[in-house]
Each structure stands twice: as structure tokens, then as C-alpha cells.
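Biologist: I'm new to this one and would like some help reading it. Could you walk me through the charges and contacts, step by step?

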Amino acid sequence: MADKKQKVAFIGTGIMGAPIAGHILDAGYPLTVYNRTQAKAQPLVERGATLAATPAEAAAGADVIFTMVGYPEDVEELYLAGDGLLTASKPGAILIDLTTSSPSLARDIAGAAAVSERTAFDCPVTGGQAGAIAGTLTAIIGATERDIEPVRELLSTFTSRIFCFGGAGKGQAAKLANQVSLAASMVGMADALSYAQQAGLDLELTRDMILTGTGKSGAMEQLAPKALEGDWKPGFMVKHFIKDIGLALQEAEDYEIALPGADTAYGLYDMLDAIGGAELGTQAITLLYAEEADAAAAGLDWSLYTQEQGDECGCGHDHDHEHGEGCGCGHHEHGEDHECCHGEGHHHDGDHECCHGEGHGHREHGCCHGNHEE
């Protein structure tokens, strides 16, 4: 059984990280926290945590180090830089990355940790902000049951289920499988509500009916109510979901398989990002089906979505964002004939089809039912 007196460091106290760290603190573990925006860590400090000025300072002397940051490049810098956690932590420390990140990066970190007499494993979680607050997240771990035994009690402070997939990177791969399923479910939820609305159905009653049958999903159960209420606050941000789907698509490309459901979701969420929805909750996908005035009331601006915005590929993706490179499909280092849009190559002309046959001109939003004409 894990020692309650393990010293814990927690790096990244955002929407998910803060409540997770709070559960660890409530369970009596000495806790040091770090966040780039210190104000986000202040409530934990007021509850008894120690605030560190740098990740290295947080890690020094800690028995267990948790990280939960935004993107794979953040994880790589945090762990593998010259002054990173594998250098700053003490020999024998256990490092646990809760970020949804790259399976290959997780393998690299685990290998480097083993060489330096540390243990590191990937442990992305699912359950959203609500699960983090309730302490009922599911941990998806790239390690064995034996590997996690020293920290099982610690993990149980914020999880209700733990799945061990046996090897470095496999936790990340399993989490991406979850995100692929969720991506298709989000599109299905949005499609169903849009169809029901156009058919003149009571949307709450329609949702209740769907939840009694095989059409039910976590998206319909947990996120549709927020969409119906016009609540766009993030339990999980659009920009982070784009990152996750992009990672899955990149992995799929490596495996030479197609993920049409994930491709569809990526295109829609990329569109949502382009019109100002990056920091809304994932339920905001339904705003793509809404009247322009309703989208504007939520802070979206369809005028931002132009043929030119995509720069090289015309897909409307802001290439300065960190969730993808090149054309914004999540696939890296591909040529102009790369098929990320159901067989439609990324040809750089006015007929570029990255919304499944619908052009990306502002007058041609086929997936938005023509509601956004100028």
C-alpha cells in the first residue's frame, strides 16, 4: 500500500489539474504545485499546498510527480529538456503524465526515465471536468498492475476506475481510442439535435427518447443538456479536443488505416476553432448548425472563416495553433495528395474539399445548412 506521506508535486493546475490536485491534497499528501499562471494555483495554496516558482523546483524532493499540461510539445519540453523533470527529480521518483499526448513520446519518456533510475508512465484520464471535480475519473495507464502498485492508493484519490494496458505509450493509445469514439458521438449528437429541430420535435423529449435506446451516447447524455441550455462553458475545450483527434489521425496514418468518423469530427471542430470557438466546451459543435445570430451570441464570428484563412491549404485552419501543422488535419509531413478528407486531396485551389465535399467558402457551408451566407 502506498505511504500516505509520499511527497507529491503537481504541475499544471488548469480545468482538470486543479480539482485532481485538490483531491490529492484532501487525502493528506504533502503537495507542491506549479502552474504557468500562478493565480490558477492560488486556491490550492490557500488550502495548504506549497507553490513552486518552476517545474524543477516543484519536482525537487518529490516522491511522485504528476503533470497535466496542454500539448505533446509541452510534455516533451517539461520532461526531456536539459533542465526538465527527469533531471530535476530525484532517483527513484515516479513521474506520471496525465496529459493526453503522443504514444511515441510516452515511450521515449519512459525509456529515458528508466535509464536515469526513475519510473515514468503515461496515465491520461477521461471523465471531463465533472469527473475531476467528483474524483471519479477513469485512469488509462501505459503500465502494468505491478508497476502502479506504489501509487495505486494515490491514484485512487481522484479515480473510480483504473485500466492498465501493460506498456509505455499504450495508455495514450487507449485514450486516443476513447477520443475517436467520442468524436463520432459528438457529431452524432449534433446531427440528431439539428434534425429533430428541423422536424419540429421537442428537443428535450427527443433526447430522452434517444437515451432509452441504442442511439444513446455519453455525448447525448452529458453534453446535449448543456447545448440545449446554451451553456458553452468548457468542461473540455475545443482546442484540446482538436489536439486529441489530430493525434489519433496521425497515429491512424502511421497504421495506414482510415478513421472517417474522426476525420468528420476534426473538420467540424476545426471550423468551430476558426470562427472563435477554441476555448468553448466541446458541446459548442452544435453552434455550427445554429442560426448565425445564435452563434454570434455565443461569441462566434462566421466572417473569420474565409477561403484565405487556411493560407496554404484553404481549410480555414489557423496554422499558428499548436494542435497541428501543415493543413491542420493532424497529419504531419504529408504531401499535397495526402488523404485526410475521405479521399479528397489537399489541392490548394478554390475547390479544396475538407468538409466532405462542401467547399470552404463562406457562402458554401454545406454542413451548416446554408445558414451563414453573407
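Modeller: We'll go through salt bridges, a buried side chain and a charged patch in turn. Keep in mind that this is a predicted model.

Biologist: Let's start with salt bridges. How many salt bridges does the count come to?

Modeller: The idea is to look for a side-chain nitrogen of Lys or Arg within 4 Å of a carboxyl oxygen of Asp or Glu. By that rule the count here is eight salt bridges. Take Asp-63 and Lys-90, whose side chains meet with N to O at 2.7 Å. Asp-63 sits in the loop between α3 (55–59) and β4 (64–67), while Lys-90 is in the loop between α5 (85–88) and β5 (94–97), so this pair ties together parts that are 27 residues apart in sequence.

Biologist: And are Asp-63 and Lys-90 buried or exposed?

Modeller: Buried means under 20% relative accessible area and exposed means over 50%, with partly exposed in between. Asp-63 has 24%, so it counts as partly exposed. Lys-90, at 32%, is partly exposed too.

Biologist: Which residue forms a salt bridge with Lys-239?

Modeller: That's Glu-279, with the closest N and O atoms 3.2 Å apart. This pair links distant parts of the chain: Lys-239 belongs to helix α13 (residues 238–255), and Glu-279 to the loop between α14 (260–277) and α15 (292–297), 40 residues apart. Salt bridges can also share partners, and that is how Glu-145, Glu-149 and Arg-152 are joined into one network.

Biologist: What about Asp-231 and Lys-233: how far apart are their closest N and O atoms?

Modeller: They are 3.0 Å apart, and the two residues form a salt bridge. Compare their accessibility: Asp-231 has 18% and counts as buried, whereas Lys-233 has 57% and counts as exposed.

Biologist: Now a side chain without a charge. What does the side chain of Gln-6 reach?

Modeller: For polar contacts, we look for N or O atoms within 3.5 Å of each other. The Gln-6 side chain reaches the backbone oxygen of Pro-150 at 3.2 Å. Gln-6 is placed in the segment before β1 (8–11), and its relative accessibility of 11% makes it buried.

Biologist: Last one, the surface. Which residues form the negative patch?

Modeller: A patch takes residues with over 30% relative accessible area and no salt bridge. Here Glu-73, Glu-76, Glu-77, Asp-83 and Asp-108 form a negative surface patch. Helix α4 (residues 72–80) gives the largest share, three residues. Glu-77 lies in helix α4, and with a relative accessible area of 53% Glu-77 is exposed.

Key: Residues numbered from 1 in each chain as written. Predicted model: local features only at pLDDT ≥ 70, side-chain atom pairs only at ≥ 80, totals over all residues. Heavy atoms only, no water. Patch = residues over 30% accessible without salt bridge, like charges linked within 9 Å, V, L, I, M, F, W, Y side chains within 5 Å. Areas by Shrake-Rupley, 256 points an atom, 1.4 Å probe, with all protein chains shown as cover. Lys, Arg positive; Asp, Glu negative; His and termini not counted. Charge placed at Lys NZ, Arg CZ, Asp CG, Glu CD. Helix = DSSP H or I, 4+ residues; strand = E, 2+ residues; numbered from the N terminus. Buried < 20%, exposed > 50% of the residue type's maximum accessible area, 1.4 Å probe, protein only. Polar contact = N/O pair within 3.5 Å; in protein donor to acceptor, adjacent residues only side chain to side chain.
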